[in-house]
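Here are a few worked exercises to try with the coordinates loaded. Have a go at each task before you read its solution.

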Amino acid sequence: MARSQEATISDAERPAAGEQLWSVFEFARRYRLAKHEENRLLMLYGPTASLHDLLANAQRHSLIS
């Protein structure tokens with residue numbers, strides 16, 4: 001018998017019950033990130049990531065020093 005694809009995902013890779021998965025594109029738009037920052041997050045996580053990871057790793061550069 002073939003194992004289902006879900007059965008091959010380890011528990012460490014599966015998101016926690018309360019963990020929200022977000023589209024990196026939507027996150028970048030909502031938080032007004034620069035295009036290069038959106039691309040950096042895409043390279044790190046792919047098209048979706050947990051909200052916690054995105055918030056912890058997103059960098060915004062202000063124009064006012």
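**Exercise 1: a ring cluster**

W22 is buried, with a relative accessible area of 16% (buried means under 20%, exposed over 50%, partly exposed in between, using a 1.4 Å probe and protein chains only). Before going further, some bookkeeping: this is a predicted model, where local features need pLDDT of at least 70 and side-chain atom pairs count only at pLDDT 80 or more, while totals for chains, interfaces and linings use all residues. Residues are numbered from 1 along each chain as its sequence is written, and side-chain values use heavy atoms, with hydrogens and water left out.

Task: find the aromatic pairs and work out which residues they link into a cluster.

Solution:

1. Set the criterion: rings of Phe, Tyr and Trp (its six-membered ring) pair if their centres lie within 6.5 Å; planes under 30 degrees apart are stacked, over 60 edge-to-face, and the rest tilted.
2. Run that over the structure and you get two aromatic pairs.
3. One of them joins W22 and F27, edge-to-face, with 6.2 Å centre to centre and 80° between the planes.
4. Next come F27 and Y31: their ring centres are 4.6 Å apart and the planes sit at 35°, so this pair is tilted.
5. Put the pairs together, and W22, F27 and Y31 form a cluster.
6. Check the burial too: F27 is buried at 1% relative accessibility, whereas Y31 is partly exposed at 31%.

**Exercise 2: the nonpolar core**

Task: list the residues of the largest nonpolar core and say which helix gives the most to it.

Solution:

1. Start with what qualifies: buried Ala, Val, Leu, Ile, Met, Phe, Trp, Tyr and Cys residues joined through side-chain atoms within 4.5 Å.
2. The largest such set has nine residues: W22, V24, F27, A28, L33, L41, A49, L51 and L54.
3. Map it onto helices (DSSP runs of H or I, at least four residues, numbered from the N terminus): α2 (24–30) and α4 (51–57) each supply at least two core residues.
4. The top contributor is α2, with three residues.
5. Now zoom in on V24. Leaving out residues up to four places away in sequence, V24 touches E38, L41, L42, G46, P47, T48 and L54, where a contact means heavy atoms within 4.5 Å.

**Exercise 3: salt bridges**

Task: search for salt bridges and pick out the residues that they link in a network.

Solution:

1. Side chains of opposite charge can pair when their charged atoms come close.
2. The cut-off here is a side-chain nitrogen of Lys or Arg within 4 Å of a carboxyl oxygen of Asp or Glu.
3. A search of the whole structure turns up four.
4. Take R29 and E26: their closest N and O atoms are 2.7 Å apart, and both residues lie in α2, three residues apart, about one turn of the helix.
5. E26 also bridges to R30, at 3.6 Å from N to O; these two are four residues apart in α2, again about one helical turn.
6. That gives the network: E26, R29 and R30.
7. Compare exposure: R29 is exposed at 57%, but E26 is partly exposed at 27%.
8. Over in α3 (residues 35–45), R40 and E37 are three residues apart and form a salt bridge with closest N and O atoms 2.8 Å apart. R40 is partly exposed at 28%, while E37 is buried at 2%.
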